[in-house]
Amino acid sequence: MKFYLSSYKVGNETDKLKALIPADNKKTAYISNALDFSNDAERRKQSEQSDIEQLKLFGLDVELFDLRDYFGEKTELEKKIAEFGVIWVRGGNCFVLRQAIKLSGLDNILKDLLKKEDILYGGYSAGVCVLAPTLKGMELVDDPNVKPYDSQKETIWDGVGILDYTIVPHYKSDHPESRKVDETVEYMEKNKIPFKPLKDGEVIIIE
């Protein structure tokens, strides 16, 4: 699996993003469950559509993919995910996203896909934060007490654990969360949590 991990939206490494997209499978699962805390359906729809239109500029065949349809159905999700060449996970609340990933079994599926070369995991903000070993420190930015799913009422503090550090997005950026991000960076330094801060526009690429 290859990774294109952006602070915000597609970031400034778009030529590299184009090169990472599997040539023979541009079908893209666009996952927006980090927004499941929101009751503003119209604003959510507009935000999702903006992302999708941006991804389509790269020749991607984008499908809005809702993990809630697969809660407790890991086997079915595994079959469906196998159809995609790109998994794109957007921002929102990283604790909500982590719940959806656990309830659907996507966390274990992603780990199984790590050795597969012809698939790209991309995303931004919460979509890259969840790959960390832990979500500790992110509560200074995102509310960990938001519980939109009836079947998950405890906060999940463990990240998916694909990376051995936490990506901290929106660092020193023109973003509403940037001041809180400074507090997160201080927390991680104090508690010796490995992390990499990203300014909006910056991207971490793993091939």
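# Exercises on Arg90 and its surroundings

The side chain of Arg90 makes a polar contact, 2.8 Å in length, with the side chain of Ser47; a polar contact is a pair of N or O atoms within 3.5 Å, where within protein one must be able to donate a hydrogen and the other to accept it, and residues adjacent in sequence count only if both atoms are side-chain atoms. The model is predicted, so local features need pLDDT of at least 70 and side-chain atom pairs count only at pLDDT 80 or more, while totals for chains, interfaces and linings use all residues. Residues are numbered from 1 along each chain as its sequence is written, and side-chain values use heavy atoms, with hydrogens and water left out.

**Exercise 1.** Find out whether Arg90 is buried or exposed, and which other side chain it meets in a polar contact at 3.3 Å.

*Solution.* Begin with the relative accessible area of Arg90, which is 7%. Buried means under 20%, exposed over 50% and partly exposed in between, with a 1.4 Å probe and protein chains only, so Arg90 is buried. Then turn to the side chain of Tyr124, with which the side chain of Arg90 makes a polar contact of 3.3 Å.

**Exercise 2.** Identify the residues with the most contacts inside the largest nonpolar core.

*Solution.* A nonpolar core is a set of buried Ala, Val, Leu, Ile, Met, Phe, Trp, Tyr and Cys residues joined through side-chain atoms within 4.5 Å. The largest has 48 residues, and those with the most contacts inside it are Leu5, Phe65, Ile87, Leu106 and Tyr121. A second, separate core of 16 residues includes Tyr124, the partner of Arg90 in the 3.3 Å contact.
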